[in-house]
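Reader: I work at the bench and would like to learn how to read features off a structure. Could you take me through one, a feature at a time?

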Amino acid sequence: MDIRQLRYVLAVARRLSFTVAAGDLSIAQPALSQQIAGLERELGVRLFDRTNRRVSLTDAGRALVVRAERILADVSAAAEEMSAFAGGLRGRVVLGTYQSFSEYTLPKLLGRFHALYPGIEIALREGLADDLLAQLHAGSIDAFIGDPGDAGHSLARAFVSEPLYEDELVIALAATHPRARASVIEIGELRDEPWVIFRPGSSLTARVYALARASGFVPRIAFESVDSMTVRSLVAEGLGVALFPRTLGNTPGPNVALVSLAPNRVFRRMSLVTRQGPYAPSASTFLGFIRERLHE
């Protein structure tokens with residue numbers, strides 16, 4: 001028994017005429033009769049009672065019609081669903097990013113995306129750059145939005161990194177800090193300060209150590225956190241200084257001063273990082289949306 005035979009059974013059941021049903025199906029009437037007879041032999045039951053003047057369903061035929069209608073409806077729904085998958089209209093995408101990005105920037109983007117593609121589910125994984133890049137390499141997430149850091153990362157060759165925008169990295173100080181009103185500050189001026197950093201594995205923390213090393217000192221770490229608001233709150237209370245993204249420092253929160261680094265301002269490059277190779281249509285649709293919106 002196959003899908004074609006079920007369609008033939010339904011056509012005859014609707015018309016109660018082999019001749020009319022054959023016309024609906026655009027096949028010869030003898031061919032239709034042969035197909036139905038073959039199905040009856042396979043099933044071991046009569047589906048239709050035939051006389052010279054009329055065709056009627058048997059009890060077995062009526063039972064099969066109920067099943068056939070359900071099966072063909074499921075087949076049709078499956079075909080439509082697969083067509084939607086192929087068109088990138090359904091699916092699931094797992095995105096890794098920083099807690100701060102998912103808290104402040106991402107919700108509006110996801111709201112706009114969901115309005116356009118309600119059939120695509122987006123799952124979020126928050127974490128630090130190294131952890132998320134490892135998950136991307138393992139295939140447990142589909143993309144990472146953040147600063148991939150050193151281009152020599154051990155996994156870099158497995159990735160495609162597309163710059164989205166640049167964000168200035170500044171020194172966050174308590175509003176009462178003696179240098180809070182400065183227009184610029186050199187990293188060397190902070191050699192004796194306690195530092196509040198993100199947990200190792202963060203690209204920001206790697207940048208703190210690199211900048212300090214270039215100025216000939218090792219930063220004295222007072223606090224570590226994975227949460228940007230915790231880092232900002234500790235700085236606001238005068239418990240240390242931090243390297244902080246300006247866009248994040250400009251959001252509502254504890255009062256801190258943001259001072260540019262000298263002699264050269266420092267930036268991080270926020271990028272869309274993906275794996276090499278093809279993606280499912282749903283993921284391709286989402287990634288295309290992100291590229292377009294974050295380049296606006």
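Author: Happily! Let us begin with a contact between charged side chains: Arg92 and Glu121 form a salt bridge, with N and O 3.4 Å apart. Do keep in mind that this is a predicted model.

Reader: Which parts of the chain does the pair of Arg92 and Glu121 tie together?

Author: To answer that, look up the element of each partner. Arg92 belongs to strand 3 (residues 91–97) and Glu121 to strand 4 (residues 120–126), so the salt bridge links parts that are 29 residues apart in sequence.

Reader: And is Arg92 buried or exposed?

Author: Neither label fits, because partly exposed covers the range between under 20% (buried) and over 50% (exposed). Arg92 has a relative accessibility of 48%, so it counts as partly exposed. Its partner Glu121 is also partly exposed, at 44%.

Reader: How many salt bridges does the whole structure have?

Author: A search of the whole structure gives 15. One of them pairs Glu189 with Arg179, whose closest N and O atoms are 3.0 Å apart. Here the partners sit in loops: Glu189 in the one between strand 7 (184–186) and strand 8 (194–198), and Arg179 in the one between strand 6 (159–174) and strand 7, so this pair joins parts 10 residues apart in sequence. Glu189 is partly exposed at 41%, and Arg179 is partly exposed at 29%.

Reader: Which residues are joined into one network by salt bridges that share partners?

Author: Glu168, Arg246 and Arg265 are. Arg265 is worth a second look: it lies in the loop between strand 11 and strand 12, and its relative accessibility of 51% makes it count as exposed.

Reader: What is joined by a cis peptide bond here?

Author: First, the general idea: most peptide bonds are trans. In this model, a cis bond connects Ala262 and Pro263, with omega at about 5°. Pro263 is in the loop between strand 11 (256–262) and strand 12 (266–275). That is the loop where we also placed Arg265.

Reader: Next, backbone angles. Where does Leu16, with its positive phi, lie?

Author: As a general guide, most residues other than glycine have a negative phi. Leu16 is not a glycine, yet its phi is positive, at about 50°. Its place is the loop between helix 1 (3–15) and helix 2 (18–25), and at 39% relative accessibility it counts as partly exposed. Ser26 also has a positive phi, near 60°. Ser26 is found in the loop between helix 2 and helix 3, and it is exposed, with a relative accessible area of 68%.

Reader: Is there a salt bridge to look at in this part of the chain?

Author: Yes, take Arg15 and Asp24, whose closest N and O atoms are 2.6 Å apart. Arg15 is partly exposed at 45%, and Asp24 is partly exposed at 46%.

Reader: How are Arg265 and Ser26 separated in space?

Author: For this, set the position along the chain beside the distance between C-alpha atoms. Arg265 and Ser26 are 239 residues apart along the chain, and their C-alpha atoms are separated by 75 Å. Another pair to try is Ala214 and Glu69: they are 145 residues apart along the chain, with 74 Å between their C-alpha atoms. Ala214 lies in helix 8 and is exposed, at 71% relative accessible area.

Reader: Which residues make the nonpolar surface patch?

Author: Met1, Leu43 and Val45 make it, and the patch covers about 240 Å². Leu43 is in helix 3 (residues 29–43). With a relative accessibility of 36%, Leu43 counts as partly exposed.

Reader: Let us end with pockets. How much space lies in the largest pocket?

Author: About 230 Å³. Its lining has 18 residues, and those closest to the centre are Tyr98, Gln99, Gly127, Leu128 and Val226. Helix 5 (99–104) and helix 8 (203–214) are the elements that contribute two or more residues to the lining.

Reader: And what is the make-up of the lining by class?

Author: Eight of the lining residues are nonpolar, six are polar and four are charged.

Notes
Residues are numbered from 1 along each chain as its sequence is written. This is a predicted model: local features need pLDDT of at least 70, side-chain atom pairs count only at pLDDT 80 or more; totals for chains, interfaces and linings use all residues. Side-chain values use heavy atoms; hydrogens and water are left out. On a 1 Å grid over the protein atoms alone, a cavity is a set of points where a 1.4 Å probe fits but cannot get out, and a pocket is an open set with protein on both sides within 12 Å along at least five of seven lines; lining residues have an atom within 4 Å of a point. Grid points are joined across faces, edges and corners, and a volume is the space filled by probe spheres set on the points. Helices (H or I, at least four residues) and strands (E, at least two) are DSSP runs, numbered from the N terminus. Ala, Val, Leu, Ile, Met, Phe, Trp, Tyr, Cys and Pro count as nonpolar, Asp, Glu, Lys and Arg as charged, and the others, Gly among them, as polar. Patches are made of residues with over 30% relative accessible area and no salt bridge: like charges are joined within 9 Å, nonpolar side chains (Val, Leu, Ile, Met, Phe, Trp, Tyr) within 5 Å. Accessible areas come from the Shrake-Rupley method with a 1.4 Å probe; for residues, only the protein chains shown count as cover. A salt bridge is a side-chain nitrogen of Lys or Arg within 4 Å of a carboxyl oxygen of Asp or Glu. Buried means under 20% relative accessible area, exposed over 50%, partly exposed in between (1.4 Å probe, protein chains only).
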